[in-house]
Amino acid sequence: MTIKELEPAALWGYFYDITRIPRPSKKEQKIRAYLLDFAEKHNLEVKQDKAGNILITKPATLGKEDLPTVILQSHIDMVCEKNSDIEHDFDNDPIETIIEGDWVKANGTTLGADNGIGVAAELAILASDNIAHGKIEAFFTVDEETGLTGANALGKDFLSGNLLINLD
């Protein structure tokens, strides 16, 4: 079995995509490009701030416009560590995922589930067309692992919602 065969399929499919994209702290340009492309493909409003944080907004489902806006937040960088016997360039190489029993792991490196799985969950929600919801703001921050740079640079008017769920 591979990661792409796991359920829920949308979540694991997006997580697989994310494992293919190098995303060390302070070098998130490739994952940011992926998120911007995702928003365009799904016809969703997107904006980026000076720090590189990204906000993708999904309008409320018809009849749910009066519900509060919910912000889903995760960071897009990952811890980059590897075993000493493994050749891996975190700036260029994808993460090799393996399944051992009930566990999804990486082959000799960190998996990047902190916080790739949060990013994948947000993307699965944004792509879904069968969830009734109020307005959703999917907020992706940069450089969490080495200093919370993105979160600390957040401007007061970048988000409009009052309810935030951190998916870290």
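**Helices, a cavity and unusual backbone geometry in a predicted model**

Asn115 lies in helix α3, where helices (H or I, at least four residues) and strands (E, at least two) are DSSP runs numbered from the N terminus. The structure is a predicted model, in which local features need pLDDT of at least 70 and side-chain atom pairs count only at pLDDT 80 or more, whereas totals for chains, interfaces and linings use all residues. Residues are numbered from 1 along each chain as its sequence is written, and side-chain values use heavy atoms, with hydrogens and water left out.

The peptide bond that joins Asp114 and Asn115 is cis, with omega at about 15°. Helix α3 itself has 15 residues and reaches 20 Å from its first C-alpha to its last, close to the 21 Å expected at 1.5 Å a residue, the expected span being 1.5 Å times one less than the number of residues. Asn115 is also one of the buried residues of α3, a set that further comprises Gly116, Gly118, Val119, Ala120, Glu122, Leu123, Ala124 and Leu126; here buried means under 20% relative accessible area, exposed over 50%, and partly exposed in between, as computed with a 1.4 Å probe on protein chains only. The elements that cover these buried residues include α1, α2, β2, β3 (70–75) and β6.

Within helix α3, Val119 is buried, with a relative accessible area of 2%. Apart from its neighbours within four places in sequence, Val119 is in contact with Ile18, Leu35, Ser74, His75, Ile76 and Phe140, contact being defined as heavy atoms within 4.5 Å.

Leu35, a contact of Val119, belongs to the buried residues of α2, together with Ile31, Tyr34, Phe38 and Ala39. These residues cover an arc of only 135° around the axis, which puts them on the same side of α2; the arc is that of the directions from the helix axis to the C-beta atoms. On the other side of α2, Glu40 and Lys41 are exposed. The buried residues of α2 pack against α1 (9–19), β1 (45–48), β2 (54–58), α3 (113–127) and β6 (136–141). For the 13 residues of α2 (residues 29–41), a span of 18 Å is expected at 1.5 Å a residue, and the end C-alpha atoms are 18 Å apart, in agreement. Asn43, which follows α2, has a positive phi near 55°.

Positive phi values in residues other than glycine also occur at Lys26, near 70°, and at Asp143, near 50°. Lys26, in the loop between α1 and α2, counts as exposed at 57% relative accessibility, whereas Asp143, in the loop between β6 and α4 (149–152), is buried, with a relative accessible area of 3%. A cis peptide bond joins Glu7 and Pro8, with omega at about 0°, and Pro8 is found in the segment before α1.

The structure holds 1 cavity of 30 Å³ or more, and about 50 Å³ of space lies in the largest cavity. On a 1 Å grid over the protein atoms alone, a cavity is a set of points where a 1.4 Å probe fits but cannot get out, and lining residues have an atom within 4 Å of a point; grid points are joined across faces, edges and corners, and the volume is the space filled by probe spheres set on the points. Ile18, which is in contact with Val119, is among the lining residues, as are Thr19, Ile21, Pro22, Arg23, Pro24, Met78, Cys80, Phe90, Asp93 and Ile95. The lining divides into 8 nonpolar, 1 polar and 2 charged residues, where Ala, Val, Leu, Ile, Met, Phe, Trp, Tyr, Cys and Pro count as nonpolar, Asp, Glu, Lys and Arg as charged, and the others, Gly among them, as polar.

Terms used: On a 1 Å grid over the protein atoms alone, a cavity is a set of points where a 1.4 Å probe fits but cannot get out, and a pocket is an open set with protein on both sides within 12 Å along at least five of seven lines; lining residues have an atom within 4 Å of a point.
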